[in-house]
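Biologist: I have the model open and would like to go through a few parts of it. Can you start with the terms?

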Amino acid sequence: MKPNDPILSHAQLRDIRRKADCLLREAGAYGSFPTPVAQIMNAAKVHLDEDNSLDSNIMQRLYRKATDAIKRALDKVLGIFDVRANTIYYDHSIHKAKKPFLLLHETGHSYLDWQKDTYAFLEDGKLNLEPEISEAFEGEANVFASEVLFQVDMFTTFAEDMPLALATPMSLAQKFGASIYSSVRRFATTTSRCCVILVLEPPLVTNGVAVFSLRRSLPSKSFLLKYGDVAWQPNFSRLNFPSRALPHIGRSIQKVVKPTEIDITISGARESFTAEAFNSTRNVFILLYPQTQIVSPHA
């Protein structure tokens, strides 16, 4: 499974949410849809360089010495914040659905003042950021981007009045201008209802069997309280999971699996769940919730 972001303390989360709220208010962005990223960046006094895509020439300008490690990292780096120029450079080939989150992530490095001050000091002192601090800063920037993009509690407020279904984060993704992946993640981790969303990689077919590797599990807080931290199997196929809950892979790719009842063993006990799935081609999302769970607050 992909590693989750570093776990932030309650104090860190509080400070980041406060900063996100301040920036949204400064930008007058609350209630504007999709979330106006350019307007927010302007309020943060961050410039976006649209003329130069992120490449080795940009890296050479940003760093006094473009080491081999930096050059190799170019394959993975999608955006960079230049603290000296208060400018964001990004990879222009990035999928448009991912661009808002990326730009707000880089804006976070600027707007979270403790990060900007640290980066400015390091640039002046020609020092390197410790790996643990760098990892924490990236986690903070991710949380900041999510809080701003989903307008703090507004996404959750909308979602709580909608059905417990994958259609809910997918429709809210369009409303907020976010990717389906980030919206699904926000939905699962903020809903008050008992559910988990399994994020699977596109399948590999071996000996006629489609095998989906687990990328990440996204349990809601109430799911964690009820079932604990479930150790999910690393791979899913018709050999170890109810086949009717997995998208069919054949001559045509099944995109949607409608809600269906399945029995699975979880936390050592056999229990009935409702499952539905969506295949975005980049990922497969499986929503699971106990059949005792109310699908809609208005049901």
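Modeller: Helices (H or I, at least four residues) and strands (E, at least two) are DSSP runs, numbered from the N terminus. This is a predicted model, where local features need pLDDT of at least 70, side-chain atom pairs count only at pLDDT 80 or more, and totals for chains, interfaces and linings use all residues. Residues are numbered from 1 along each chain as its sequence is written, and side-chain values use heavy atoms, with hydrogens and water left out.

Biologist: What follows helix 7, and what is its phi?

Modeller: Q151, with a positive phi near 55 degrees.

Biologist: How far apart are the end C-alpha atoms of helix 7?

Modeller: They are 27 Å apart. The expected span is 1.5 Å times one less than the number of residues. Helix 7 has 19 residues (131-149), so it should span 27 Å, which agrees.

Biologist: Which residues of helix 7 are buried?

Modeller: Among them are F137, F144, V148 and L149, and also E140 and E147. Buried means under 20% relative accessible area, exposed over 50%, partly exposed in between (1.4 Å probe, protein chains only).

Biologist: Switching topic. Is S110 buried or exposed?

Modeller: S110, in helix 5 (residues 99-111), counts as buried because its relative accessibility is 7%.

Biologist: What does the side chain of S110 join in a polar contact?

Modeller: The side chain of N86, at 3.4 Å. A polar contact is a pair of N or O atoms within 3.5 Å; within protein, one must be able to donate a hydrogen and the other to accept it, and residues adjacent in sequence count only if both atoms are side-chain atoms. Leaving aside neighbours within four places in sequence, S110 is in contact (heavy atoms within 4.5 Å) with A44, V46, F81, N86 and K116.

Biologist: Now the strands. In what order do the three strands of the open sheet come?

Modeller: The order is 1-3-2, with mixed pairing. Strand 1 (47-48) and strand 2 (79-82) are the edges, each pairing on one side only. Two strands pair if DSSP finds at least two bridges between them. Strand 1 runs parallel to strand 3 (residues 87-90), joined by two bridges, and H47 has T87 as its bridge partner.

Biologist: And why is strand 10 largely enclosed?

Modeller: Because seven of the seven residues in 284-290 are buried. V284, I286, L288 and P290 point one way, and F285, L287 and Y289 the other.

Biologist: Which strands does strand 10 run antiparallel to?

Modeller: Strand 4 (residues 196-200), through five bridges, and strand 9 (residues 269-279), over seven. In the hairpin of strand 9 and strand 10, T281 has a positive phi near 80 degrees.
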